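This report is meant for a reader who is meeting this structure for the first time. Please look over the sequence and the structure before reading on.

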Amino acid sequence: MRTLGSTLALLRSEKGLGQKQMAASLNLSISAISSYEKNVHAPDLSMLCRLAEYFDVTTDYLLGRTEYRCPPETLREYITQDYTIQDMINTVVTVDREKQVSIINFVKYMKHLHQKAPGQPES
């Protein structure tokens with residue numbers, strides 16, 4: 001299971017931040033960031049919420065309770081005029097496993113098809 005400290009270190013690294021930069025952004029000491037990342041101390045509830053907001057993840061993700069990073073409000077975003085991300089998830093989870101695999105393979109194919117190749121002009 002992931003620890004809070006390892007998750008914070010990973011998220012900080014993904015953002016390309018040093019502990020000093022993260023500390024300054026959150027108005028914390030570098031030693032506080034370091035102690036969180038080493039699991040010496042845990043942030044209080046208020047700071048946990050601030051960290052989740054800062055990294056745009058859920059508190060459950062920070063705590064290692066889920067691998068799902070996305071905040072709940074993201075699920076309400078529309079991907080088409082009348083279809084939300086939550087609607088898409090509900091569609092996928094309500095079909096049988098074979099159809100789920102087909103859906104995922106199609107999404108992967110579309111992602112690959114629409115990725116910009118190096119040197120390719122923007123459309």
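The sections below describe one helix and its surroundings, and then turn to salt bridges.

## The model

What is shown here is a predicted model, and the values in this report are computed from it.

## Helix α4 and its two sides

Helix α4 spans residues 45–55, and within it Met47, Leu48, Leu51, Ala52 and Phe55 are buried. Seen down the axis of α4, these buried residues fall within an arc of 140 degrees, so they line one face of the helix. On the face of α4 that is turned away from this buried side, the residues Leu45 and Glu53 are exposed.

The buried residues of α4 are covered by parts of the chain that include α1 (4–14), α2 (19–26), α3 (30–37) and α5 (59–62). After α4 comes Asp56, a residue whose phi is positive, near 55 degrees.

## A salt bridge between two helices

In the whole structure, a search finds 5 salt bridges, and three of the pairs, Arg12 with Glu37, Glu14 with Arg69 and Lys99 with Asp96, are described here. In the pair formed by Arg12 and Glu37, the closest N and O atoms are 2.6 Å apart. Arg12 belongs to helix α1 and Glu37 to helix α3, so this salt bridge ties together parts that are 25 residues apart in sequence.

Residues with under 20% relative accessible area are taken as buried, and Arg12, with a relative accessible area of 14%, is therefore buried. Glu37 likewise counts as buried, because its relative accessibility is 14%.

## Salt bridges of partly exposed residues

The side chains of Glu14 and Arg69 also meet in a salt bridge, with a distance of 2.8 Å from N to O. Glu14 lies in helix α1, while Arg69 lies in the loop between α5 and α6 (72–75), and the pair links distant parts of the chain that are 55 residues apart. With a relative accessible area of 46%, Glu14 is partly exposed, and Arg69 is partly exposed as well, with a value of 31%.

Another salt bridge is formed by Lys99 with Asp96, where the closest N and O atoms are 3.1 Å apart. Lys99 counts as partly exposed at 47% relative accessibility, and Asp96 counts as partly exposed at 39%.

Terms used: Residues are numbered from 1 along each chain as its sequence is written. This is a predicted model: local features need pLDDT of at least 70, side-chain atom pairs count only at pLDDT 80 or more; totals for chains, interfaces and linings use all residues. Side-chain values use heavy atoms; hydrogens and water are left out. Buried means under 20% relative accessible area, exposed over 50%, partly exposed in between (1.4 Å probe, protein chains only). Helices (H or I, at least four residues) and strands (E, at least two) are DSSP runs, numbered from the N terminus. The arc is that of the directions from the helix axis to the C-beta atoms. Contact means heavy atoms within 4.5 Å. A salt bridge is a side-chain nitrogen of Lys or Arg within 4 Å of a carboxyl oxygen of Asp or Glu.
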